[in-house]
Amino acid sequence: VTLDSRNFHGLSFLSAYTYAHSLDFHSSTSQSTRKLADPTNPRLQYASGDQDVRHRFRFSPTWTIPTVKSPLQMLAGWSISGVLSLQGRFPWDGLDSTRNDWVGTGENLNTFSSTNTGVNQYWNFSGPADSFNSDNIAVPCYGRLTGCAAFASAPASIQSACTTAAQAPYTGNVQRMTLALLSMQNNACYIKNGGVLTPPAYGTNGNAGRNSFRGPQFRNVDMSIAKMWKIGERYSAQFRTEFFNIFNHPTFGSPSTNPTTATSFGFARATADSGNPVLGSGGPRHIQFGLKLTF
C-alpha cells in the first residue's frame, strides 16, 4: 500500500507499507549448507523463510521552505527531507548442527560433503512463541555449558520448569524421558519470559524447528538539509548535509543460533551492518556533505 502526496504548500511525501510472509524448505542462506536430519520427511524443514519479514513501513517527506527574498539568495532554496524506516523481525532458530549427534545418524560432521556445515538438529521448546525474540540481552541458562549457571543453583521454580519441559515431549515413554533428563544434565536449559528450551532426548530431534524465533526490530531515521542557488537560467548549485541514523539508535543484527554456545546464544552482539558495513544498515550516526552543480 502506498500513499503519495505531491507539493501541498511545499510539502510532499511518499509512504509505503508492505505485509509479506515467506514459507519455504530452504532459503539462500541455508541452501546446501546443512543436511536434513530426516531425509524421509523433508516437511520438517517447511517454515518461515530466512528472509521472512512480516511488516515494513517507509515514510519519506520533503518540505520546500517558502522563499524569502534576501541577499545572495540565503533565505531561498532551502529544503528538508527524511526517511523513516520501520521493519519487523527476521526469523532465526536454535540449531545444534555440529556439536552433538542427537539423532544418531553420524551426519553432523560428514566430511565427505564439502558444503556440509552440519545437520538440522533442533532442541525442544515450550512456552509463548515470542518469548525468545532476541535483543542484546543474553538468554539465562542453567547447566554444564560454559557461560551457564550451575543447574543446582537455579531457583526451585526454574529447576521444576526445566525438568518438566525436558520430559514433556516424551510423556509415556519412560526410556526417552530418562534420556531427555540425561541430555539436559549434560548440556543446559534456557529459560526466558515463560519459554523453555531444552536439548532433545538422545536418539531424537527436537520440536523447536526451523526459524521458530524472531530477531531484533529495525528502526532508523535518515535526514538531509539542502540549499539551492540559481545562477541565471541555465545553472544551479546545491549544497547538502545528510544524516544517516540521525538519532544514533543502535540496531542489532541476528543472534547466534547454536544453543551449545551459551556465551552468545539467542542475543545479538553486533549491529545489523556488521556483515556488510558498506551496503548494510544499522551502523552509528554518519554525516556527509555534498555539492552538486547543474548545467
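Here are some informal notes on this structure, which is a predicted model.

1. Start with the sheet. Seven strands make up an open sheet, and going across it you meet them in the order β1-β2-β5-β6-β13-β14-β15, with antiparallel pairing. At the edges sit β1 (2-8) and β15 (286-294), each of which pairs on one side only. From one strand to the next, the twist averages 10°.

2. Now walk through some of the strand pairs. Strand β2 (residues 11-19) is joined to strand β5 (residues 55-64) by nine bridges, in the antiparallel sense. If you want a spot to look at, find Leu-14: its bridge partner in β5 is Ser-60.

3. Keep going across the sheet. β5 and β6 run antiparallel too, with seven bridges between them. Here Arg-56 stands opposite Gln-87 in β6. What does β6 pair with next? Strand β13 (residues 218-231), again in the antiparallel sense, over ten bridges. One pair to click on is Trp-78 and its bridge partner in β13, Lys-227.

4. Next, helix α1. This helix covers residues 156-167, which makes twelve residues, and spans 17 Å from its first C-alpha to its last. That is close to the 16 Å you would expect at 1.5 Å a residue.

5. Which residues of α1 are buried? They are Ile-158, Cys-162, Ala-165, Ala-166 and Gln-167. The cover over these buried residues includes three of the strands you can pick out as β8 (124-126), β9 (141-143) and β10 (188-192), and also β11 (195-198) and helix α2 (174-186).

6. Look at how the two helices pack. The angle between α1 and α2 is about 130°, and their axes are 8 Å apart. With that angle, α1 counts as oblique to α2. The crossing in which α1 passes α2 is right-handed. Where they meet, α1 brings Cys-162, Thr-163, Ala-166 and Gln-167, while α2 brings Met-177, Ala-180, Leu-181 and Met-184. Notice that Cys-162, Ala-166 and Gln-167 are also on the list of buried residues of α1.

7. A couple of backbone angles deserve a second look. Most residues other than glycine have a negative phi. Gln-73, however, is not a glycine and has a positive phi of about 60°. You will find Gln-73 in the loop between β5 and β6 (78-87). Is Gln-73 buried or partly exposed? Its relative accessible area is 30%, so it is partly exposed.

8. The other one is Asn-248. This residue is not a glycine either, yet its phi is positive, near 55°. Asn-248 lies in the loop between β14 (235-244) and β15. With a relative accessible area of 37%, Asn-248 is partly exposed.

9. Finally, have a look at Gln-45. Its place is the loop between β3 (23-24) and β4 (47-48). Even though you might look for loop residues on the outside, Gln-45 counts as buried, at 4% relative accessibility. What does Gln-45 touch? Leaving out residues up to four places away in sequence, its contacts are Asp-24, Phe-25, Leu-36, Asn-120, Tyr-122 and Arg-210. For a sense of scale, Gln-45 and Gly-215 are 170 residues apart along the chain, and their C-alpha atoms are separated by 19 Å.

Definitions and conventions
Residues are numbered from 1 along each chain as its sequence is written. This is a predicted model: local features need pLDDT of at least 70, side-chain atom pairs count only at pLDDT 80 or more; totals for chains, interfaces and linings use all residues. Side-chain values use heavy atoms; hydrogens and water are left out. Helices (H or I, at least four residues) and strands (E, at least two) are DSSP runs, numbered from the N terminus. The expected span of a helix is 1.5 Å times one less than its number of residues. Buried means under 20% relative accessible area, exposed over 50%, partly exposed in between (1.4 Å probe, protein chains only). Contact means heavy atoms within 4.5 Å. Two strands pair if DSSP finds at least two bridges between them. Axes are lines fitted to C-alpha atoms, for helices over the stretch in contact, and angles run from 0 to 180 degrees between N-to-C directions. Angles under 35 degrees count as roughly parallel, over 145 as roughly antiparallel, 65 to 115 as roughly perpendicular and the rest as oblique. A crossing is left-handed if the near helix is turned anticlockwise from the far one by less than a right angle, and right-handed if clockwise.
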